[in-house]
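Reader: I keep running into labels for parts of a protein model. Could you show me where they come from?

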Amino acid sequence: MKAVGFREFGGPEVLQVLELPAPDAGPGEVRIRVHAATVNAVDALQRGGPSGAPDAQPPFVVGMEAAGVVDQIGAGTDTDLRVGDRVMAIVLPNGSHGAYAEQVVVPAESVVRAPDSASHVQAAALPMNGLTARLALDTLDLEPGQTVAITGSAGAVGGYAVQLAKADRLRVVADASEQDEALIKELGADVVLRRGAEYSDRVRAEIPGGVDGLVDGASLGALTARAVRDGGRVVTLRGYDGPGERDIVFEPIVVFRYAREHAKLDGLRQLAKEGLITPRVARTFPAEQAVEAHRLLAAGGVRGRLVLTF
């Protein structure tokens, strides 16, 4: 099978097209003929330096979310999926196992049917970042009517967090640059404030007592504390867990915790089917142009997902 990977760590230029043996689905597993795989910041981090299992050997294939068609189901696997079903999946890369490949094997719990109205490209943009946003909001554990602040709202996780929070009947205070303000309002934010280091001050000006919780998609870290009420919680995506003032708790999350949460992933499918969350795609690239996709991601400012097609 064709895959995109690398034999040594480095910049986008280390990516190359590889020919690798096709994997077989074992018990409890499903094999997907991949048609689309997204390009994420974590892919670039893994490409740039050692990560994953310490004994993993090259070539390395990255990619954490894919969409395509079921083409093999392992013996005895408990699933309602059938060969030929259109699906989307979250993938945990390790060694040559990653979503940047024509075929990938995943646990049955990590794959669900794609939303009926979504193309392969659109469906691929949902699992990893959608589950990250779902985990962030579940961690905050807010009640309907409470207020959540979200930084990095124009990003993939932030955008889903805005839409999922509205589906949870929360009041959303989001950040945006001037050019992204209309987008964030369209996603459903109740209040949109200018992004940046002063975002927390702007939140306090809008909500003097502070918000009940915050999803820090922009990795502002300690700067977010002022936005949150006494005893509130901040969910961080890049590992920040510094001490909080006023009994505020900083709680880092990793999407790996939800990689086999089948019901959560299927919940995203249902919300997308109902139009309550919207996969956003900025641009697609043939898999052979993965280097260009990674360079565009590194340049910043991308709104929506970059997707490789196979």
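Reader: What makes Asp43 count as buried yet without a salt bridge?
Author: Asp43 is buried, a label for under 20% relative accessible area (1.4 Å probe, protein chains only), with exposed meaning over 50% and partly exposed in between. A salt bridge needs a side-chain nitrogen of Lys or Arg within 4 Å of a carboxyl oxygen of Asp or Glu. The nearest side chain of opposite charge, Arg305, is 6.8 Å away from Asp43, and there is no salt bridge.

Reader: Hang on, what kind of model is this?
Author: It's a predicted one: local features need pLDDT of at least 70, side-chain atom pairs count only at pLDDT 80 or more, and totals for chains, interfaces and linings use all residues. Residues are numbered from 1 along each chain as its sequence is written, and side-chain values use heavy atoms, leaving out hydrogens and water.

Reader: Why is the pair Phe6 and Phe60 called tilted?
Author: Rings of Phe, Tyr and Trp (its six-membered ring) pair if their centres lie within 6.5 Å; planes under 30 degrees apart are stacked, over 60 edge-to-face, the rest tilted. These two have centres 5.6 Å apart and planes at 35°, so they're a tilted pair. Phe6 and Phe60 are both buried, and together with Phe9 they form one aromatic cluster.

Reader: How do you know that Leu92 is partly exposed?
Author: Its relative accessible area is 35%, and partly exposed runs between the 20% and 50% cut-offs, so the label fits.

Note on methods: Lys and Arg count as positive and Asp and Glu as negative; His and the chain ends are not counted.
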